Amino acid sequence: MIEINNVTKRFILRKTLAQTIFHPLSKKKTVLALDSVNLQVKKGEIFALLGPNGAGKTTLIKILCSLILPDKGNIRIAGYDLKTQEGLAKSKIGLVTGEERSLYWRLSGRQNLEFFGVLYDLTKNQIKERIDNINKVLEIDDLDKPFENYSTGMKHRIALARCLISNPEIIFMDEPTKSLDPVNANKLRIFIKETLVKKLGKTVFFSTHQIDEASELADRIAIISGGKIKEYGKIEDINARQGLNKDTPLKELYLKIAG
């Protein structure tokens, strides 16, 4: 469902005010965010991108969602080339972030979903039907109150509903439990595994720096550090390649590779 080939991304560092004043002719410095990343994600699996803060996780997800462009490399989403068939590729994906900022706080939950349904060119009947069906799954408390009045956990459900309104085949999640308390984080993990993947047949690609979360949720993982993929695959297979017992906990494996 996702094919990533030799994706590289550099960012130009902004000069400080002092550098601009005293060294106006100095060369701009760059930072290598992603270094020749290669990954493949299968249909219907949960794939975790595990790494520390600053490893390149968010950058890769933004590139996969066509929010920023790579400097080089090729990506295919559900068989479509992200460069030459961007519209078709983007029609297959949805994005949920840990700090959802794309919803309008003064609109109700329902009005938000109706607005995004229109953006996806859905008819009024399609929008109503999808909102009703999604709400049966997510069980959102009172869709008709302002978004700003929802709890953090319920805001997250509406963010998921916004993602699902277009019925994407692939769902990208950037640190999905980052802003959630332990109870709601656990509920979300169960929802991802039991509902999104097992019941609805979605493919889920999520980033995290939480080792336990990756171990609990993912069918396969990729360990990223300094913009490089250090290892990827099933945990037991990575353990074997690293000369570890197949039952070695992910924490021990992770510390050996990225520590």
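What percentage of the 259 residues of the chain count as buried? In this predicted model, the figure is 44%. That value is a convenient way into the overall picture, which is taken up here before the helix pair and the two loop residues.

The secondary structure of the chain comprises 10 helices and 10 strands. Along the principal axes, the C-alpha trace extends over about 55 × 55 × 35 Å. The radius of gyration is 20 Å, which agrees with the value near 18 Å for a compact globule of 259 residues. Contacts within the chain tell of its long-range side: among those with a separation of 6 or more, 67% are accounted for by residues 24 or more positions apart.

A closer look at one helix pair is worthwhile. Helix α4 covers residues 109–119 and helix α5 covers residues 124–138, and their axes come within 10 Å of each other, crossing at roughly 130 degrees. Because angles over 145 degrees count as roughly antiparallel and those from 65 to 115 degrees as roughly perpendicular, this crossing angle makes α4 oblique to α5. The crossing in which α4 passes α5 is right-handed. On the α4 side, the contact is made by Arg110, Leu113, Glu114, Gly117 and Val118, while α5 contributes Ile127, Ile131 and Asp132. Sorted by class, the contact of α4 with α5 holds 4 nonpolar residues, 3 charged residues and 1 polar residue.

The loop that lies between these two helices deserves a mention of its own. Asp121 is located in the loop between α4 and α5, and this residue has a positive phi of about 65 degrees although it is not a glycine. How accessible is Asp121, and what does it count as? Its relative accessibility is 68%, and since exposed means over 50%, Asp121 counts as exposed.

A positive phi in a residue other than glycine also turns up at Ala78, where the angle is near 50 degrees. Ala78 sits in the loop between β4, residues 72–77, and β5, residues 80–81. With a relative accessibility of 22%, Ala78 counts as partly exposed, because the buried class requires a value under 20% and the exposed class one over 50%.

Taken by backbone angle, then, Ala78 has phi near 50 degrees and Asp121 has phi of about 65 degrees. Taken by accessibility, Ala78 is partly exposed, whereas Asp121 is exposed.

Notes. Residues are numbered from 1 along each chain as its sequence is written. This is a predicted model: local features need pLDDT of at least 70, side-chain atom pairs count only at pLDDT 80 or more; totals for chains, interfaces and linings use all residues. Side-chain values use heavy atoms; hydrogens and water are left out. Axes are lines fitted to C-alpha atoms, for helices over the stretch in contact, and angles run from 0 to 180 degrees between N-to-C directions. Helices (H or I, at least four residues) and strands (E, at least two) are DSSP runs, numbered from the N terminus. Angles under 35 degrees count as roughly parallel, over 145 as roughly antiparallel, 65 to 115 as roughly perpendicular and the rest as oblique. A crossing is left-handed if the near helix is turned anticlockwise from the far one by less than a right angle, and right-handed if clockwise. Contact means heavy atoms within 4.5 Å. Ala, Val, Leu, Ile, Met, Phe, Trp, Tyr, Cys and Pro count as nonpolar, Asp, Glu, Lys and Arg as charged, and the others, Gly among them, as polar. The radius of gyration is taken over C-alpha atoms; the globule rule is 2.2 Å times the number of residues to the power 0.38. Buried means under 20% relative accessible area, exposed over 50%, partly exposed in between (1.4 Å probe, protein chains only).
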